[in-house]
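Good morning, and thank you for joining this group meeting. Before I begin, please bring up the sequence and the structure on your screens.

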Amino acid sequence: MLATPALVAHTTDLDLIIRHVLAGLGHGIHAGRERGAGVEFSEYRAYAPGDEWRRVDWKLLARNDRYYVREAERDSHVAVWLWLDATASMAEPSRSVAGLDKLWYARTILACLAAIAQRQGDAFGLIVCTGDRVQFTPAARGPRQMQRVLAQLARAEAQGGMPAAETLRASLHFARSPSLIFAASDFLDWPSPLSEALLRLRRMQHDVRALCLQTQAECDASFSPDKAYRDPEQADGVYRFGPEAAATYRHNRDQHFALMTAQCRQNDIPTLAAPIEQPLGTVLRAWLRRAGRA
Amino acid sequence: MNSLWWLALPVLLLPVWWHRQRRERIKAQPLATARFLPRTDPQQLRVWEWADRMLLLVRCLLLAAVIAWLADLVVPWRGDTVLTGATTDPAWAEQQIGEAGFKDARRLRLATDDALGWLREHEREWRDGAHLLVLANQPMAAAMPRFRHSVELRSKAAPFATSEHHIAIVSPRAQQWRVMFAALDGPRRYLVDDAPNEKSELIIWDVPQAPPAAMRAPLWWIGDASAFPELRKAPSVDGLSYMDSTRGRLWGFANWPPKDADSARALFETWQRLHYAPLAYPAPSQALAASPSAPFVPGSGALRDFLAIALLALFALERILTHARRH
């Protein structure tokens with residue numbers, strides 16, 4: 001049903017896309033579950049010397065005359081934070097695939113990550129930067145959290161600009177314990193409040209991973225020359241895409257992303273630049289692999 | 001003079017200009033990576049496209065209505081017409097209409113007898129080539145009337161309305177005065193009373209005693225100046241001294257009552273000219289050919305009420321549309 005990228009792009013049901021993308025994606029975000037003391041029952045195993053006596057199941061001993069120890073599933077202590085940039089520039093559509101835009105792509109890929117995190121039993125939370133404000137969905141586990149996050153993602157609209165640097169800095173306390181932070185943005189502003197926040201989180205020893213979304217037209221500098229353009233975040237003028245402008249465009253853009261990539265590498269933030277015309281599953285896998293954990 | 005307002009019509013270009021400019025700004029597409037491009041001059045992007053056509057239309061109409069109101073717009077819409085005066089005999093009018101072949105023409109009954117005067121004010125309401133038949137007791141104008149349409153005037157003089165006027169004579173020579181009024185003939189009839197009353201239009205005071213203070217009349221003829229000493233210092237024309245007093249206008253003359261027919265006629269004509277409206281002389285029936293050079297008089301403001309209502313409605317509509325567009 002969701003065979004082509006265009007069909008996927010036209011689907012608004014995040015659940016369906018997640019199932020479609022994650023089919024065959026067996027790998028998780030990080031090493032699997034640990035077993036041990038915990039709440040959720042997992043299995044019995046034979047008693048071994050050294051096990052705590054309080055973990056022995058006495059009823060089973062009475063029935064079988066053997067010592068069994070209750071093993072419980074221990075919840076993962078890694079929190080996964082999904083960072084969605086929903087500023088106005090994220091509304092940039094793909095010029096070749098109708099109905100596909102950066103926000104849709106970012107939202108869907110983060111939804112897939114949420115599904116993976118939930119499958120692993122990790123707590124996951126969501127940060128949406130939109131309309132000069134930050135919206136937090138605190139980290140939690142379970143299917144209800146999944147629904148909450150999906151609803152937030154589906155509700156996000158590309159509008160406004162980044163929140164002020166002070167606002168972001170003041171709200172970085174969300175990640176106390178070691179966390180995984182997945183940030184999906186176009187990173188057209190660098191340095192920006194977003195970049196400062198990510199670098200700061202990295203310095204706080206969190207695992208930060210960035211996905212830089214681009215469109216094929218941006219990479220090829222192949223915009224229609226007979227249309228006028230304006231910057232969605234700064235209404236300060238009109239731009240045209242002539243032949244001589246294309247060279248300037250390429251130069252400026254390469255310079256910008258070179259700076260961004262260099263800073264990310266310097267701070268050990270794995271970054272993947274992906275055109276949104278590529279299949280979601282491929283990009284998701286490449287992003288996870290980029291971190292060296294897949 | 002009013003029609004000079006039509007020169008203000010280029011004002012209509014203003015809303016068109018504003019709408020076009022707004023369109024140009026909206027025209028640019030958002031492009032996230034526009035920041036990597038060199039800025040261009042927006043001048044090159046100007047294209048003639050129309051935004052908010054409804055609003056633009058209403059605004060243009062509003063301005064046009066204002067100008068039309070100021071210029072006193074007249075739309076020629078009347079065709080062949082029969083104009084009938086206020087006092088025209090309907091039976092006679094029907095007969096004349098049949099004779100002149102205006103059976104199918106519209107009929108218009110005026111509130112006045114001066115149909116040609118009314119027609120001059122409203123002539124712009126008639127289409128070119130319309131024929132008019134005027135049936136009225138038309139007073140004769142000083143100059144030959146000229147119209148841009150061919151007008152046939154059929155005039156029938158109404159019999160003069162007789163009217164009664166009261167005159168009071170207080171004089172030892174009352175008989176001589178009465179002779180003068182008895183000789184008069186015409187539609188105005190003069191009734192001579194012995195004592196002044198409130199209906200008296202003329203009091204002839206020919207006694208040395210002063211009249212009672214409460215006695216009033218529009219005109220007094222004073223035969224004996226000793227009753228009105230102030231009349232001696234009054235200005236005079238041909239021996240007739242005149243002044244306005246609280247009792248009314250006073251005329252004094254030393255040699256009254258008039259001794260011969262000429263002086264009596266002169267006095268009578270002066271009196272009639274100055275104190276009574278002239279009796280209209282009916283214009284003879286005639287066909288007035290259309291003269292293309294006839295001057296148009298300024299419009300009669302026939303459409304002003306309608307235009308004012310239209311202005312109000314358009315203004316309200318414009319406000320509503322602007323509000324709706326903003327929200």
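I shall speak about one helix of chain A and its surroundings, then about two helix pairs, and finally about the contact between the chains. Please bear in mind throughout that this is a predicted model.

Let me begin with helix H7 of chain A, which spans residues 193–203. Which residues of this helix are buried? They are Leu194(A), Ser195(A), Ala197(A), Leu198(A) and Leu201(A). Viewed down the axis of H7(A), these buried residues fall within an arc of 160°, so they line one face of the helix. The general background is familiar: an α-helix has 3.6 residues a turn, so residues three or four places apart point the same way.

What covers that face? The cover of the buried residues of H7(A) includes four strands of chain A, S4 (79–85), S5 (123–130), S7 (179–185) and S8 (207–214), together with helix H6 (165–170).

The loops on either side of H7(A) also deserve a remark. In the loop between S7 and H7 of chain A we find Pro191(A). The peptide bond that joins Trp190(A) to Pro191(A) is cis, its omega being near 0°. On the other side, in the loop between H7 and S8 of chain A, lies Gln205(A). Gln205(A) is not a glycine, yet its phi is positive, at about 70°. Is Gln205(A) buried or exposed? With 10 other C-beta atoms within 10 Å, Gln205(A) is exposed.

Chain A offers another case of this kind. Asp268(A), likewise not a glycine, has a positive phi of about 60°. Its place is the loop between H9 and strand S11 (271–275) of chain A. Asp268(A) is exposed, having 9 other C-beta atoms within 10 Å.

I turn now to helix packing, still in chain A. Helix H4 (residues 102–120) and helix H10 (residues 280–290) of chain A have axes that come within 11 Å and cross at roughly 60°. That angle makes H4(A) oblique to H10(A). The crossing is right-handed. From H4(A), Thr108(A), Ile109(A) and Cys112(A) meet Leu280(A), Val283(A) and Leu284(A) of H10(A). By class, the residues of this contact are five nonpolar, one polar and no charged.

Chain B has seven helices and 14 strands. Of its 327 residues, 21% count as buried. Among contacts in chain B between residues at least 6 apart in sequence, 71% join residues at least 24 apart.

Within chain B, consider helix H2 (residues 53–71) and helix H7 (residues 304–326), whose axes come within 9 Å and cross at roughly 155°. H2(B) and H7(B) are therefore roughly antiparallel to each other. Their crossing is left-handed. The residues of this contact comprise 17 nonpolar, one polar and four charged. Those in H2(B) include Leu55(B), Leu62(B) and Trp69(B), while those in H7(B) include Leu311(B), Phe315(B) and Arg325(B).

Lastly, the contact between the chains. How many residues of chain A are in contact with chain B? There are 24, and they touch 16 residues of chain B. On the side of chain A, strand S9 (228–230), strand S10 (238–240) and helix H9 (243–266) each supply at least two residues. H9(A) gives the largest share, six residues. By class, this side of chain A has eleven nonpolar, five polar and eight charged residues.

Thank you; I would welcome your questions.

Note on methods:
Residues numbered from 1 in each chain as written. Chains lettered and ligands numbered in written order. Predicted model: local features only at pLDDT ≥ 70, side-chain atom pairs only at ≥ 80, totals over all residues. Buried ≥ 20, exposed ≤ 12 C-beta atoms within 10 Å, placed from the backbone. Arc of directions from axis to C-beta. Contact = placed C-beta atoms within 7 Å. Axes fitted to C-alpha atoms, helices over the stretch in contact; angles between N-to-C directions. Parallel < 35°, antiparallel > 145°, perpendicular 65-115°, else oblique. Left-handed = near helix turned anticlockwise from the far one by under 90°. Nonpolar A, V, L, I, M, F, W, Y, C, P; charged D, E, K, R; others polar.
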